[in-house]
Structures are given as structure tokens and as C-alpha cells.
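Welcome, and please have your viewer ready for a short walk from helix to helix. At each stop you will be told what to select and what to look for.

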Amino acid sequence: MLVFSSTEEHYNLQFNLFLKEFISYLAALQYVRASWLVAYKDRFVAAWTNKVMHLGNTTTNRVESSLVQLKRQLGSHQGTFEDSWMKIHNLLLLQHT
């Protein structure tokens, strides 16, 4: 519920409930708070991620997959600019189709 909080107020409410629920696991709470929530909550909590239009895509897997396809298509780095441009252009056409 903490991750799906849609506003900062809702996040704070859910965070307090989270603390109450897991108070007996103090070391784990400190780890989650220090390692994830303080430093990275803006990257995975809805209250912050929903401030940017992402069309429901909240993972980088599509980007990584596209990069692998591009690298495979380009092959060696010894082609000309024109060859590289044509390979990229054809890959984009294929993806669009």
C-alpha cells in the first residue's frame, strides 16, 4: 500500500501504518527506510512517479530490450554513418509496423 500511495499525504499515512505493523522488526525497518525510502522513493512510489507521464510503463525492460535489438542490428562499430542510420531507420520501421 505504501508503494501505491497516490499523494504525499497518503504516503505519510501509509508509512505510519507500515511502521506500526512492523515495529517488531526494527532492523528491517531501518534498512528499508535508509536504503530505499529516503533515497529512492521518488523512483517507485506512485505519489512521485505519477507526476511524470509514463503511460503505465514503470519498468525499464522495454528500453533494455530495444537497446539489445539496436546493438544486434548495428553489429560492428566499423560501418559508416549512412549504414548505421539505415539500420536504425529500418529497426524503427519494423518496430512501428
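A crossing of two helices is called right-handed if the near helix is turned clockwise from the far one by less than a right angle, and left-handed if it is turned anticlockwise. Keep in mind as you look around that this is a predicted model.

**First stop: α4 and α5**

Select residues 61–74, which form helix α4, together with residues 81–96, which form helix α5. Turn the view until one lies in front of the other: α4 passes α5 in a right-handed crossing. The two pack at an angle of about 135°, and their axes are 9 Å apart. That angle makes α4 oblique to α5.

Now show the side chains where they touch. From α4, pick Ser 66, Gln 69, Leu 70, Gln 73 and Leu 74; their partners in α5 are Ser 84, Lys 87, Ile 88, Leu 91 and Gln 95. Coloured by class, this contact shows four nonpolar, five polar and one charged residues.

Stay with α4 and check its length. Its 14 residues should span 20 Å at 1.5 Å a residue, and the end C-alpha atoms are indeed 20 Å apart, so the two agree. Just after α4 comes Gly 75, with a positive phi near 65°.

**Second stop: α1 and α2**

Next, select residues 8–21 for helix α1 and residues 26–44 for helix α2. Here the packing angle is about 165°, with the axes 12 Å apart. The pair is therefore roughly antiparallel, and its crossing is right-handed.

Which residues of α1 meet α2? Tyr 11, Phe 15, Phe 18 and Leu 19 do, against Leu 29, Val 32, Arg 33, Leu 37 and Lys 41 in α2. By class, that contact has seven nonpolar, no polar and two charged residues.

**Last stop: along α2**

Finally, centre the view on Leu 37, where α2 has a kink of about 50°. From end to end, the C-alpha atoms of α2 span only 23 Å, whereas a straight helix of 19 residues would span 27 Å.

Terms used. Residues are numbered from 1 along each chain as its sequence is written. This is a predicted model: local features need pLDDT of at least 70, side-chain atom pairs count only at pLDDT 80 or more; totals for chains, interfaces and linings use all residues. Side-chain values use heavy atoms; hydrogens and water are left out. Axes are lines fitted to C-alpha atoms, for helices over the stretch in contact, and angles run from 0 to 180 degrees between N-to-C directions. Helices (H or I, at least four residues) and strands (E, at least two) are DSSP runs, numbered from the N terminus. Angles under 35 degrees count as roughly parallel, over 145 as roughly antiparallel, 65 to 115 as roughly perpendicular and the rest as oblique. Contact means heavy atoms within 4.5 Å. Ala, Val, Leu, Ile, Met, Phe, Trp, Tyr, Cys and Pro count as nonpolar, Asp, Glu, Lys and Arg as charged, and the others, Gly among them, as polar. The expected span of a helix is 1.5 Å times one less than its number of residues. The bend at a residue is the angle between axes fitted to the seven residues ending there and the seven starting there.
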